[in-house]
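The following paragraphs offer a guided reading of one protein structure. The reader is invited to keep the sequence and the structure in view throughout.

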Amino acid sequence: MMLDTSPLTAPIDRRELRAFRRTLPSSVRPGIASFFLPVAFILLFPVLLIFLDGGWAFGDDLSSLDLSGRIVPYLVMPLFGIVLLARALLRRNGVRSFRLDRFARANSFAYTARVDGPRLPGMIFARQGETSAFSTDLVRRESDPSFVVANHTLATGSGKERKEYRWGYVALRLNTPLPHIVLDAQRNNSWGKSSLPVALVSRQRLSLEGDFDRYFALYCPEGYEADALYLFTPDIMARLIDSAALFDVEIIDDYVFLYSTEEVSTLDPARWQQVLAAVDIFSRRVAQWERWRDDRIEVDARAEKKGDAVPYSARRTGVASQGRRLARRSNLWHIVLIIPVLIVLYGIFSAMFR
């Protein structure tokens with residue numbers, strides 16, 4: 001897929017930017033609260049510095065203000081800083097959205113600044129204790145196969161317990177559901193811990209031929225090994241290694257998701273080329289994948305009673321219950337493994353310093 005990435009870096013017409021900014025929802029425009037902290041810091045810092053310095057600008061008597069001293073720069077600097085800060089924030093506000101919108105238009109895509117609580121089945125979109133979830137900078141293509149490129153933020157807990165999880169994702173829509181399959185990219189894991197937000201039962205891991213296991217760990221429901229091999233043929237595995245080795249992949253229901261711990265909807269042209277190259281791999285396979293049928297689903301009962309052969313076209317499209325979701329396990333195993341290591345290290349250091 002050829003992309004015109006020039007709008008991501010081209011000079012901006014400020015009049016067009018101002019007109020575009022007025023179309024943005026308030027949720028993506030910083031309000032007055034975003035100005036409060038930096039402005040307060042600029043105002044309070046020089047005042048605090050003056051008093052901590054012992055009042056040198058005021059002389060021995062703080063009531064006698066020495067304007068000819070060094071206090072004048074400290075009064076001018078915050079005012080000048082406020083003007084620059086406000087100008088920078090106003091200029092920055094909407095620039096990212098403006099560039100992505102123009103990039104989408106140039107490539108016959110559509111742009112949406114923000115969607116709250118997207119209803120998608122992927123593993124990054126729901127966590128226990130979720131308090132808020134939203135996707136930003138959505139760039140979508142409605143033609144078949146349709147896809148969305150976006151960034152996602154999910155928050156859990158509140159107060160000191162509040163945590164935020166940020167992901168970049170690509171959602172490719174299919175015309176038929178497929179079994180739940182996950183490809184855990186090995187290059188974005190650290191210390192043996194997967195970057196995926198959930199842990200999967202190891203017995204579901206399917207070892208594949210060649211070097212594929214060095215780049216991806218493939219998980220499929222038990223009994224669906226042959227189906228996974230039908231979907232991920234050697235040629236598509238080779239292309240995944242070349243173009244998508246940094247993305248985790250999840251096939252669930254009628255979606256293919258590509259996940260990244262970094263933003264994927266960005267102003268970086270090289271990142272967009274990487275994302276669309278990965279999308280192209282799956283787009284080329286959609287027609288073949290849509291011919292897949294789950295033999296475990298009951299076939300036409302009337303045809304069975306007659307003893308007739310049931311053609312593929314007569315089988316109900318879908319996935320049997322045992323293939324719809326992978327089994328999960330606790331994601332705290334690495335903590336359990338660390339405890340014995342800490343005990344051993346404690347023993348070693350204790351022996352050294354006796």
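Between which two elements does the loop that holds Ser108 lie? Ser108 belongs to the loop between H4 and strand E1, the latter covering residues 110–116. As the model is a predicted one, what follows describes computed values. Ser108 has a phi near 60°, which is positive although the residue is not glycine. With a relative accessible area of 66%, Ser108 is exposed, because a value over 50% counts as such.

The helix that Ser108 follows is H4. Helix H4 runs over residues 95–106, and at 1.5 Å a residue its twelve residues should span 16 Å; the C-alpha atoms at its ends are indeed 16 Å apart, so the expected and the computed span agree. The buried residues of this helix are Val95, Ser97, Phe98, Arg99, Leu100, Asp101, Phe103 and Ala104. A general property of helices is useful when reading such a list. An α-helix has 3.6 residues a turn, so residues three or four places apart point the same way.

From this one region the view may be widened to the whole protein. The protein contains eleven helices and nine strands. Of its 354 residues, 41% are buried. Its accessible surface comes to about 20600 Å², and carbon and sulfur atoms account for 57% of that area. Among the contacts that join residues at least 6 apart in sequence, 71% link residues at least 24 apart.

Two residues in and around the strands illustrate such separations. Lys163 is placed in strand E4, which comprises residues 163–185. Lys163 and Thr131 are separated by 32 residues in sequence, and their C-alpha atoms are 9.8 Å apart in space. When residues up to four places away in sequence are set aside, Lys163 touches Leu154, Ala155 and Thr156. Strand E2, residues 130–141, holds Asp137. The phi of Asp137 is near 55°, again a positive value in a residue other than glycine. Asp137 has a relative accessibility of 7% and therefore counts as buried, whereas Ser108 is exposed.

Gln204 is found in the loop between strand E5 (199–200) and strand E6 (205–206). Is Gln204 buried or exposed? At a relative accessibility of 5%, Gln204 counts as buried, because the limit is under 20%. A polar atom of the Gln204 side chain lies 2.7 Å from the backbone nitrogen of Ala327. Beyond its neighbours within four places in sequence, Gln204 is in contact with Leu218, Tyr219, Cys220, Pro221, Glu222, Leu326 and Ala327. Ala327 thus appears both in this list of contacts and as the partner of the Gln204 side chain.

The aromatic residues form a further theme. A search of the whole structure finds eleven aromatic pairs. In one of them, the ring centres of Phe257 and Tyr259 are 5.8 Å apart and the ring planes stand at 15°, so the pair is stacked. Both Phe257 and Tyr259 are buried. These two residues also belong to an aromatic cluster, together with Phe125, Trp167, Tyr169 and Tyr255.

Aromatic rings in this model also lie beneath charged side chains. Arg114 lies over the face of Phe134, at 3.9 Å from the ring centre. The charged end of Arg296 sits over the ring of Tyr224, 3.7 Å from its centre.

Another aromatic residue, Tyr230, is found in helix H6, which covers residues 225–231. Its relative accessible area is 33%, and Tyr230 is partly exposed. With residues up to four places away left out, Tyr230 touches Gln288, Arg291 and Trp292. Tyr230 and Gln288 are 58 residues apart in sequence, but 9.4 Å apart in space from C-alpha to C-alpha.

The account closes with helix H8, residues 269–283. At 1.5 Å a residue, the 15 residues of H8 should span 21 Å, and the C-alpha atoms at its ends are 21 Å apart, so the two values agree. At the start of H8, a side-chain oxygen of Asp268 reaches to within 3.1 Å of the backbone nitrogen of Ala270. The buried residues in H8 include Arg271, Trp272, Val275, Leu276 and Ala278. The residues from Val279 through Asp280, Ile281 and Phe282 to Ser283 are buried as well.

How values were computed:
Residues are numbered from 1 along each chain as its sequence is written. This is a predicted model: local features need pLDDT of at least 70, side-chain atom pairs count only at pLDDT 80 or more; totals for chains, interfaces and linings use all residues. Side-chain values use heavy atoms; hydrogens and water are left out. Helices (H or I, at least four residues) and strands (E, at least two) are DSSP runs, numbered from the N terminus. The expected span of a helix is 1.5 Å times one less than its number of residues. Buried means under 20% relative accessible area, exposed over 50%, partly exposed in between (1.4 Å probe, protein chains only). A polar contact is a pair of N or O atoms within 3.5 Å; within protein, one must be able to donate a hydrogen and the other to accept it, and residues adjacent in sequence count only if both atoms are side-chain atoms. Contact means heavy atoms within 4.5 Å. Accessible areas come from the Shrake-Rupley method with a 1.4 Å probe; for residues, only the protein chains shown count as cover. Rings of Phe, Tyr and Trp (its six-membered ring) pair if their centres lie within 6.5 Å; planes under 30 degrees apart count as stacked, over 60 as edge-to-face and the rest as tilted. A charge sits over a ring if NZ of Lys or CZ of Arg is within 6 Å of the ring centre and within 35 degrees of the ring normal.
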